[in-house]
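I opened this notebook to keep track of what I looked up, one entry at a time. The sequence and the structure come just below, and my entries follow them.

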Amino acid sequence: MHGDDSEGEGDGNHRGRGVATFAAGFGGIALKAGDVGYDEARAVWNGSFDRRPALIARCRTGNDVIEVVGFARESGIPLAVRGGGHSLAGLSSCDDGIVLDLSLMREVVVNPASRSARVQPGATWAVYDAATQAHGLASTGGLISSTGVAGLTLGGGIGWLMRRHGLACDNLTAADVVTAGGEVVRATTSADAELLWGLRGGGGNFGVVTSFEFRVHPVGPIVGGLALFPLDRGEEVLRRYRTWAAELPDEFSTLAGVVTAPPAPFVPEDLVGRKAVAIVGCWCGDPDVGQRALRPIRELNPAADVFGPMSYPVLQGMLDEGAPPGRRSYTRSGYVAELGDGLIDTVLEHGERMPSPFSQIHFHQMGGAVARVGEEDTAFGSRRAAYAYNVNSMWVDPSEDEIHETANRDLARALGPFSTGGVYVNFLGIEGEARVRAAYGDAKYERPARLKGAFDPQNLFRLNQNIRPAT
């Protein structure tokens, strides 16, 4: 039993007393409704979720984490784990439960000699990148710098360096994990290697990671940026992009998408507010070679082109303004084997009709180092896909929820015939057990389910893209 959502008044009062008693003796910072800082601490990136936990337990040490896990286990109160709070599905919080908040644990220690970095779970990629780039080093992170290191890595970790250096999880070499039983397990390639396998793409199902260790790589100035084209040139541009991207070396990771051109200084006035095709990318190598690699896209004469040499952290923050915290968001996603003509036509047709200027359609180019890791070497699935797509509807007014969610589902259905059936777990919404299984594939799913059964047989860590424990 994990608690009953239909508890009686007496049960609720008992729970409240238990929370108050725990909060009084907690070694970290305990916040309850009415406390100063509670409303700020319960806010998450996706504004569609306005949850009110019974307790927000802000941990400062690994011992704090052990305390919270033990209290949740013994009390039966639902437990959500928050790193960066960036979960698309709003899984960083819960109503009437406990939020184990890791955001105060943000330390990053870089060892240039061993080319490694040790990171606490509350760090964002902005914090991590600043620390590693101080030594000219980096490893694959996300595309929005406010995203948490923990959640992105545990779900796999698509990012700008992935075709050269692999996913975020491919660079994870060790982790310290607080299990459901309150034990601390160090997972490496030689000790508890099966747990490390699960942490590389299996999400937050197996415990609370209190320390990540990454392999980091020399990354100097990169060539990054984006090019914008009016949507009415979309067919021409995306067909050229398809051919160009297929021939790119691993140094170039790219994204193609449909967006609304922002009111930015580099965007021509007649394109602002109109739908556009965006080609975005990162060349991690010799900048001169990267500039030459861009020629086929530049020969199309984009309406805006801000590709050029820049630091890696600048690129990591380039898209932040398009995904600020607090906007409402609804996502559907999948993988495709190719950008065929029918797929391109479908994307352009629905992209033109996107009802919000904040909504976007992304196709993240996979391949390279991602595909060279064996399909069974990590929990992450669908390594052989050509592209991961993400239909991300974003808006502000709650009264428009149905409009934007309906438009999103319509496009997702239209993309269905082109999809491989798989899905990137970090792009999942609240979509049910079958879709979580699809993130790993039926053949692979039983392995993380067995691992879940070994480390969390009672499914304490279930407020996530949940893998049910095998019995």
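Entry 1, two loop residues. I began with Asp192, which I found in the loop between strand E9 and helix H7 (193-199). I kept in mind from the start that I am reading a predicted model. I noted that Asp192 has a positive phi of about 50° although it is not a glycine. Is Asp192 buried or exposed, or does it fall between the two? I looked up its relative accessible area, which is 40%, so I wrote Asp192 down as partly exposed, since that label covers values between 20% and 50%. I then turned to Asp96, where phi is near 65°, again a positive value in a residue other than glycine, and I located Asp96 in the loop that runs between strand E3 (79-82) and strand E4 (98-101).

Entry 2, the whole protein. I counted 16 helices and 19 strands in the protein. Its radius of gyration is 22 Å, close to the 23 Å that the globule rule gives for 471 residues, so I recorded the protein as being as compact as a globular protein of that length. The C-alpha trace spans about 70 × 55 × 45 Å along its principal axes. I noted that 56% of the 471 residues are buried, and that the accessible surface comes to about 18500 Å², with 51% of it belonging to carbon and sulfur atoms. Among the contacts with a separation of 6 or more, 73% are made by residues 24 or more positions apart.

Entry 3, a five-stranded sheet. In what order do the strands of the open sheet follow one another? I read the order as E5-E6-E10-E8-E9, with antiparallel pairing. Strand E5 (108-111) and strand E9 (184-188) are the edge strands, each of them pairing on one side only, and the twist averages 15° from one strand to the next. Looking at one pair within this sheet, I found four bridges between strand E6 (residues 116-119) and strand E10 (residues 208-215), which run antiparallel, and I noted Phe214 in E10 as the bridge partner of Ala117. Helix H4 (residues 125-133) packs on the sheet, where it touches E5, E6 and E10, and its direction makes about 30° with that of E5.

Entry 4, the nonpolar cores. The largest nonpolar core has 80 residues, and those with the most contacts inside it are Tyr128, Leu199 and Leu228. I followed Tyr128 further and, leaving aside its neighbours within four places in sequence, found it in contact with Val108, Ala117, Val119, Ser139, Val149, Phe214 and Val216. A second, separate core has 35 residues, including Val277, Ile297, Phe307 and Tyr387.

Entry 5, strand E17. I looked last at strand E17 (residues 328-336), where nine of the nine residues are buried. In a regular strand the side chains alternate between the two faces of the sheet, so I checked each side separately. On one side I found Arg328, Tyr330, Arg332, Gly334 and Val336, and on the other Ser329, Thr331, Ser333 and Tyr335, all of them buried, so that both faces are covered. How many bridges join E17 to strand E19 (residues 387-395)? I noted nine, with the two strands running antiparallel, and I saw that Arg332 stands opposite Val391 in E19.

Key
Residues numbered from 1 in each chain as written. Heavy atoms only, no water. Buried < 20%, exposed > 50% of the residue type's maximum accessible area, 1.4 Å probe, protein only. Pairing = 2+ DSSP bridges. Axes fitted to C-alpha atoms, helices over the stretch in contact; angles between N-to-C directions. Contact = heavy atoms within 4.5 Å. Core = buried A, V, L, I, M, F, W, Y, C linked by side-chain atoms within 4.5 Å. Rg over C-alpha atoms; globule rule 2.2 N^0.38 Å. Areas by Shrake-Rupley, 256 points an atom, 1.4 Å probe, with all protein chains shown as cover.
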